[in-house]
Amino acid sequence: MDDLIAAIRIKGMRDGLLVSLPGGAWDEQSAALLAQIDSQQGFFRGARLALDVGSQVLKVNEMVELRDVLSERNVSLWAVISESPVTEQTAQLLGLATRVSKPRPEEQQSLDAGPIAEDTALYLNRTIRSGTRIEFPGTVVVLGDVNPGAELVVQGSAIVWGRLRGAVHAGSTGDVEAVVCALEIAPMRLQIADQALETAAIDHEEGPTMVRIRDGGIKVEAWQSAGAGQA
Amino acid sequence: MTAQVITLSSGKGGVGKTTAVANIAVALAADGAKVVCIDGDIGLRNLDVVLGLENRIVYDIVDVIEGRCKLRQAMIRDKHLAGLHLIPAAQTRDKTAVSPSDMVRICNELRPEHDYILIDSPAGIERGFRNAIAAADRVFVVTNPEVSAVRDADRVIGILEAEEKRGPALIINRLNAALVRQNDMLSAEDVLDLLGIPLIGIVPEDQTVIVSSNHGTPVAQDPRSRAGQAFRNIAKRVRGEEVPFMGADKQGGLWDRLQKMRGRR
């Protein structure tokens, strides 16, 4: 069993994980796959899985069962790749994809990117909604709102081209130069480095606003291009 | 004919998902569409009560999934509308009795012979919710003009975006115009502002909704009810008609705002 688990190969792709099974009896293979997933729940949770079963012939009920047990583990099976036409047909019958673009080497490398350069920012072109937590070891730029119940925890600055109403911690590892900017600001919580802003102090600031540490205190001011240059 | 699958969801409980499913289904069926409602709240079923069909249940969705009956046997026909059927939830089981792929399979079996399949999602964002959205072509997020309901709706929309479910639409239920005027309730505009998704209906607070739910006759069948009218309007929008939002004239600016919201995204 341990040998089988070790023989399962997992690759990261742009649209999910590609898992290749070693071949052998289906019962043992699926058990090994599940054991692998259960042993690394954090890694697999919410993953999109493409399964390469080689020449294995899978019956409809076997595939359905696998999809169900995977979905119980919060893993969605979206593709089954096989050399067997029977298995391919079965997969198509269940609405699963049977082709995936193989990962190109350069894409795989980007998965373990090195330390993040100072001028690198994470760009998020969407509204960050309640229940979402974004952690990033640099600056984050949000093109959209940060809604109540959402959290940004960034080591650099947080720039929100939208309304900031959630919780933000900029300079989370102690960078007092970090700033928080938003077009409209009414946060649930706002902290820069180790200084928390008394959110009651900002009474729904209209217009572009910048929050930063100046003279040892956290200050709320109008966000103007002239002053922003120093940040 | 291939049915559109619409799931109604909310995150928070008690905002009126079940009532909305029943009323939209009734309004669609009254217009001649063939509609099936599926109660996705396994273990806490109540869509049958709201539709007045609880006495007719013989089989439920778990019986279908576990092979004790044919799908057709679990479909209960409405008392008044020939085109409306209900697939009830099981009362004695829980959410784990159904998997997302079961829902997809059942909906695919129903699609060829119907126009609309409406799924009533349970509250929460766990298994039952995942089941309910698995087969959905569209999701309507139901919310009340209250901070807690809007917060949960926001969370649900976030999950739908992550699941890549195409453009969810919003139903604001139980809006009390008098309270909004006194600034004691969030306005439709406030809610839209925060959630940033297109609106498909605003339903005014209306006591007749509770009375008719208890009687098992959804208000959409009552031509005098304001809430009933709002649900009938939603049904029309589902069918692709352009219907102005009720009270849009009185609350100046809302209409413009709605148009803007549509353009966004």
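These are my notebook entries on a predicted model with chains A and B.

**Entry 1: chain A overall**

I began with the secondary structure of chain A, which comes to seven helices and 15 strands. I then looked up burial: of the 231 residues in chain A, 30% are buried. For contacts in chain A with a separation of 6 or more, I noted that 34% are between residues 24 or more positions apart.

Next I checked how chain A is divided. I found domain 1 at 2-108 and domain 2 at 121-228. The C-alpha centres of these two domains of chain A lie 41 Å apart.

**Entry 2: a glycine in a loop**

Where does A:G23 sit? I found A:G23 in the loop that links strand 2 (16-20) and helix 2 (26-39) of chain A. I counted 13 C-beta neighbours inside 10 Å, and because a residue needs 20 or more to be buried and 12 or fewer to be exposed, A:G23 counts as partly exposed.

I also asked which residues A:G23 is in contact with, leaving aside its neighbours within four places in sequence. They are A:G54 and A:Q56. A:G54 is 31 residues from A:G23 along the chain, and I read 6.8 Å between their C-alpha atoms.

**Entry 3: the six-stranded sheet of chain A**

I traced an open sheet of six strands in chain A, and wrote down the order 5-7-9-11-14-15 with mixed pairing. Its edge strands are strand 5 (121-124) and strand 15 (217-222) of chain A, each of which pairs on one side only. I also noted the turn between neighbouring strands of this sheet, which is 20° on average with direction ignored.

I then went through some of the pairs. Strand 5 of chain A runs parallel to strand 7 (residues 139-143) of chain A, and four bridges join them. In this pair I found A:L124 opposite A:V142 of strand 7. Strand 7 of chain A is also joined by four bridges to strand 9 (residues 158-164) of chain A, again with the two running parallel. Here A:V140 stands opposite A:A158 in strand 9 of chain A.

Strand 11 (residues 179-185) and strand 14 (residues 209-214) of chain A gave me an antiparallel pair, with four bridges between them. I marked A:C181 as standing opposite A:M210 in strand 14 of chain A.

**Entry 4: the five-stranded sheet of chain A**

Chain A has an open sheet of five strands in the order 6-8-10-12-13, and I noted its pairing as mixed. Why is one side of strand 6 (133-136) and of strand 13 (195-196) of chain A left without a neighbour in the sheet? Both stand at the edges with a single partner strand each, so no strand of the sheet lies on the other side.

I followed one pair here: strand 8 (residues 151-154) and strand 10 (residues 167-170) of chain A pair in the parallel sense over three bridges. A:E151 stands opposite A:A167 of strand 10 in chain A.

**Entry 5: strand 1 of chain B**

I moved to chain B and looked up strand 1 (residues 4-9). Five of its six residues are buried, so the rest of the structure largely encloses this strand.

I found that strand 1 of chain B runs parallel to strand 5 (residues 116-120) of chain B, joined by five bridges. In that pair B:Q4 stands opposite B:Y116. Strand 1 of chain B is also joined to strand 6 (residues 138-143) of chain B, by four bridges and in parallel. There I saw B:T7 opposite B:V139.

**Entry 6: two helices of chain B that cross**

I looked at helix 1 (residues 17-30) and helix 11 (residues 226-238) of chain B, whose axes come within 8 Å and cross at roughly 65°. I recorded this crossing as right-handed.

Which residues meet here? From helix 1 of chain B they are B:N23, B:I24, B:A27 and B:L28, and from helix 11 of chain B they are B:F231, B:R232, B:I234, B:A235 and B:V238. Sorted by class, the residues of this contact are seven nonpolar, one polar and one charged.

**Entry 7: where chain B touches chain A**

Last, I looked up the interface, where ten residues of chain B are in contact with 13 residues of chain A. On the side of chain B, helix 5 (100-110) and helix 7 (147-162) are the elements that give two or more residues. Helix 7 of chain B supplies the largest share, five residues. By class, I noted three nonpolar, four polar and three charged residues on this side of chain B.

Conventions
Residues are numbered from 1 along each chain as its sequence is written. Chains are lettered from A and ligands numbered from 1 in the order in which they are written. This is a predicted model: local features need pLDDT of at least 70, side-chain atom pairs count only at pLDDT 80 or more; totals for chains, interfaces and linings use all residues. Domain bounds come from an automatic or database domain assignment. Two strands pair if DSSP finds at least two bridges between them. Two residues are in contact if their C-beta atoms, placed from the backbone, lie within 7 Å. Ala, Val, Leu, Ile, Met, Phe, Trp, Tyr, Cys and Pro count as nonpolar, Asp, Glu, Lys and Arg as charged, and the others, Gly among them, as polar. Axes are lines fitted to C-alpha atoms, for helices over the stretch in contact, and angles run from 0 to 180 degrees between N-to-C directions. A crossing is left-handed if the near helix is turned anticlockwise from the far one by less than a right angle, and right-handed if clockwise.
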